[in-house]
Amino acid sequence: MRSVVLFLILAIGLFACKSNDKKFLQLNGDDHRNFFGKTVYKGVIKNTATVAAYSEVRIKLLYFKKGIQVANHEELFENMIAPNGDFSFKARYKTPKGTDSVAAYIMSAKAVK
């Protein structure tokens, strides 16, 4: 009986904590190696909010070789991204030979008042 009650409490807690958190910033991009052996990531940060503007967007770039992370870098862009606007950027880093993929995500951003 005690385990059934515990299970019900956990189940209700999980369903009650359903997140309605909306992501107003989206990151898209692609990568390639240039002539000098650097990995170049070209990205676009799109603000899908209709009212809020954002600045100080921090991006994390993870570099992989055969599925194993071999390097990581952070970028900070202080440019303001207006509602329904976007911001294009390019990041170039010397990465270990054989780096075959890059994963990028937005770590943080500040809403402009």
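This is a short talk on the fold, the salt bridges and the surface charge of the structure shown above.

Okay, hi everyone. One thing up front: what you're looking at is a predicted model.

Let's start with the layout. The protein chain has 1 helix and 6 strands, and if you read along the sequence you get α-β-β-β-β-β-β. So the helix comes up at the start of that pattern, and the strands follow. There are 113 residues in the chain, and 28% of them are buried. As for contacts, take the ones with a separation of 6 or more: 64% of those are between residues 24 or more positions apart. For the surface people, the accessible surface comes to about 8,100 Å², and carbon and sulfur atoms own 58% of that.

Right, salt bridges. How many does the rule give us? The count comes to 3. In general, side chains of opposite charge can pair when their charged atoms come close.

I'll take glutamate 56 and lysine 110 to begin with. Their side chains meet in a salt bridge, at 3.3 Å from N to O. Glutamate 56 sits in strand E3, residues 53-65, while lysine 110 sits in strand E6, residues 101-112, so this pair ties together parts that are 54 residues apart in sequence. And are these two buried or out in the open? Glutamate 56 has 33% relative accessibility, so we call it partly exposed. Lysine 110 has a relative accessible area of 49%, so that residue is partly exposed as well. For lysine 110, keep in mind that the exposed label needs over 50%.

Next up is glutamate 74, which turns up twice. Its side chain meets that of arginine 58 in a salt bridge, again listed at 3.3 Å, N to O. This pair links distant parts of the chain, with arginine 58 in strand E3 and glutamate 74 in strand E4, residues 68-77, and their positions 16 residues apart. Arginine 58 is partly exposed at 29% relative accessibility, and glutamate 74 is partly exposed at 37%.

Glutamate 74 also forms a salt bridge with lysine 60, where the closest N and O atoms are 3.5 Å apart. Here too the pair links distant parts of the chain: lysine 60 is in strand E3, glutamate 74 in strand E4, and they're 14 residues apart. Lysine 60 is the one I'd click on, since its relative accessible area is 15% and that makes it buried. Put these together and Arg58, Lys60 and Glu74 are linked in a network of salt bridges.

Now to the charge on the outside. Which residues gather in the positive patch on the surface? They are Arg33, Lys38, Lys42, Lys65, Lys66, Lys90, Arg92, Lys94 and Lys97. Strand E2, residues 38-47, and strand E5, residues 86-94, each supply at least two residues of that patch. The largest share is from E5, with 3 residues. Lysine 94 is found in E5, and at 58% relative accessibility lysine 94 counts as exposed.

Two more residues before I stop. Histidine 32 has its place in strand E1, residues 25-33, and is partly exposed at 38% relative accessibility. Setting aside neighbours within four places in sequence, histidine 32 is in contact with Lys38, Thr39, Val40 and Lys42. Lys38 and Lys42 are names you just heard in the positive patch. Histidine 32 is also 70 residues away from valine 102 in sequence, yet C-alpha to C-alpha they are 9.2 Å apart in space.

Valine 102 comes back with alanine 71: their C-alpha atoms are separated by 9.6 Å, and they're 31 residues apart along the chain. Alanine 71 is in strand E4, and with a relative accessible area of 16% alanine 71 is buried. What does alanine 71 touch, leaving aside neighbours within four places in sequence? The list is Leu61, Leu62, Tyr63 and Pro96.

That's what I have, thanks for listening.

Key:
Residues are numbered from 1 along each chain as its sequence is written. This is a predicted model: local features need pLDDT of at least 70, side-chain atom pairs count only at pLDDT 80 or more; totals for chains, interfaces and linings use all residues. Side-chain values use heavy atoms; hydrogens and water are left out. Patches are made of residues with over 30% relative accessible area and no salt bridge: like charges are joined within 9 Å, nonpolar side chains (Val, Leu, Ile, Met, Phe, Trp, Tyr) within 5 Å. Accessible areas come from the Shrake-Rupley method with a 1.4 Å probe; for residues, only the protein chains shown count as cover. A salt bridge is a side-chain nitrogen of Lys or Arg within 4 Å of a carboxyl oxygen of Asp or Glu. Lys and Arg count as positive and Asp and Glu as negative; His and the chain ends are not counted. The place of a charge is taken as NZ of Lys, CZ of Arg, CG of Asp or CD of Glu. Helices (H or I, at least four residues) and strands (E, at least two) are DSSP runs, numbered from the N terminus. Buried means under 20% relative accessible area, exposed over 50%, partly exposed in between (1.4 Å probe, protein chains only). Contact means heavy atoms within 4.5 Å.
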